[in-house]
Amino acid sequence: MMRPVYIACTAVLSLLWSCGKDQTQEKQVDTIVKYLDSKASVGWEYYEQGGVYVRIANAERDGYPEATIVDTGDSVYFYYAGYTNATATPALFATNIEEILSTDQILNRQYLSFDPYGIKLGVSPLIKGLTVGLPGVRQGDSLQIYMPSELAFGGSQMGTVPASTPVMYMLMIENVVKE
């Protein structure tokens, strides 16, 4: 069900991430905003929160207004896919969604868990962009959080993510436990 969303987002990421590691945070943010604004004609809406840009892909679903809202301190369980692109092709650097992995990717399935990732928001270690982007989303949301490098991994290389690289996470919020 979510596979077409991931494929579509992967295809358009190559247009988004012209941000290279030498670009300033301001240019990274400008590139992200221009990309998201260019999608308004196809119905994309987004909001800025704490320096990240959040797009809820399924806000029109049944039950959205009643869905549990994420707050700091809540336990949140989600599926995710993290993408970066310092070149012309989007690159998956982390996921717990088995169906989006292809056989030619460098991620080693042997070391991956395909269960929902669980955190206590504001307590569990998490990159800043996710910490500031998750409050306000709802259980059942499928969303993307776009962030400049300063809210992702900063000036340090992290695994296959080059230093000073903006990233985008696609998330599916499976469960929210209010604390």
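Here is a short chat about salt bridges and one loop residue in this predicted model.

The model is predicted, so local features need pLDDT of at least 70, side-chain atom pairs count only at pLDDT 80 or more, and totals for chains, interfaces and linings use all residues. Residues are numbered from 1 along each chain as its sequence is written, and side-chain values use heavy atoms, with hydrogens and water left out.

Reader: How many salt bridges does the structure hold?

Author: A salt bridge here is a side-chain nitrogen of Lys or Arg within 4 Å of a carboxyl oxygen of Asp or Glu. On that basis, the count is 5.

Reader: Which residue meets Arg61 in a salt bridge, and is that partner buried or exposed?

Author: Buried means under 20% relative accessible area, exposed over 50%, and partly exposed in between (1.4 Å probe, protein chains only). Arg61 is partly exposed at 22%. Its partner, at 2.8 Å from N to O, has a relative accessible area of 0%. So that's Asp141, buried.

Reader: Which residues does Asn58 touch, leaving out those up to four places away in sequence?

Author: Contact means heavy atoms within 4.5 Å. A polar atom of the Asn58 side chain also lies 2.8 Å from the backbone nitrogen of Ser142. The residues touched are Gly140, Asp141 and Ser142.

Reader: What relative accessibility does Asp74 have?

Author: Asp74 forms a salt bridge with Lys178, with the closest N and O atoms 2.8 Å apart. Lys178 is partly exposed at 42%. Asp74, though, counts as buried, at 2%.

Terms used:
A polar contact is a pair of N or O atoms within 3.5 Å; within protein, one must be able to donate a hydrogen and the other to accept it, and residues adjacent in sequence count only if both atoms are side-chain atoms.
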